[in-house]
Structures are given as structure tokens and as C-alpha cells.
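Please walk me through this structure, starting from its overall dimensions and ending with the way its strands are paired.

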Amino acid sequence: MPKTKDGIDVEGTVVECLRNAVFKVELENGHQVLAHLSGRVRRNYIKIMLQDRVLVELSPYDLTRGRIIFRYRS
């Protein structure tokens, strides 16, 4: 069964680490969203720290929340 991609991918910077693997991410356009880790990132034990550049997938239905799907190397 092919996976459909419905999200909007945007780059951002982690500005705050919250509880339960939730992060506040500032997007390139200046907006801040709450983002949690995707299953692939969590499964591979990828650490997300402050000031990391990440790729966030936003839902078109709620643009204030998203999933961190990739961490860029610095």
C-alpha cells in the first residue's frame, strides 16, 4: 500500500525543548510551531538539541503543530 504525502515540509530551528519529546520550532518565515518526533527519528535514537536545523512536516489542517522528520547535520 503506497503512502500518500499530505503534509507541508518546512525547515526550522529548535528554540525550546519541552517535555515528552516535544519541541518549539521557529520556521524560516518567523512562525513558531510545536513539533513532536516522528517514529523514524525516535526509532533511530536521533538526539534533537537546541539550535538544531530540522525539517518539520506540517498538517494542512493545523499549521500550529507538526512532526520533526529530519535533523540536518551542522
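The radius of gyration used here is taken over C-alpha atoms, and the rule for a globule sets the expected value at 2.2 Å times the number of residues to the power 0.38. In this predicted model, the chain has 74 residues, for which a compact globule would have a radius of gyration near 11 Å, and the value of 12 Å found for the chain therefore agrees with that expectation. Taken along the principal axes, the box filled by the C-alpha atoms is roughly 35 × 30 × 25 Å.

Of the 74 residues, 28% count as buried, while the accessible surface of the chain comes to about 5700 Å², with 51% of it belonging to carbon and sulfur atoms. The chain carries 13 positive and 9 negative charges, and the mean positions of these two sets lie 9 Å apart.

As for secondary structure, the chain comprises one helix and five strands, and these elements follow one another from the N terminus in the order β-β-β-α-β-β. Among contacts between residues at least 6 apart in sequence, 50% join residues at least 24 apart.

Strand 5, residues 62–71, takes part in two pairings of opposite sense. With strand 3, residues 32–37, strand 5 pairs in the parallel sense over four bridges, and within this pairing Ala35 stands opposite Gly66. With strand 4, residues 53–59, strand 5 pairs in the antiparallel sense over six bridges, and here Val54 stands opposite Arg71. The connection from strand 4 to strand 5 is a hairpin that passes through two residues.

How values were computed:
Residues are numbered from 1 along each chain as its sequence is written. This is a predicted model: local features need pLDDT of at least 70, side-chain atom pairs count only at pLDDT 80 or more; totals for chains, interfaces and linings use all residues. Side-chain values use heavy atoms; hydrogens and water are left out. Two strands pair if DSSP finds at least two bridges between them. Buried means under 20% relative accessible area, exposed over 50%, partly exposed in between (1.4 Å probe, protein chains only). Contact means heavy atoms within 4.5 Å. Accessible areas come from the Shrake-Rupley method with a 1.4 Å probe; for residues, only the protein chains shown count as cover. Lys and Arg count as positive and Asp and Glu as negative; His and the chain ends are not counted. The place of a charge is taken as NZ of Lys, CZ of Arg, CG of Asp or CD of Glu.
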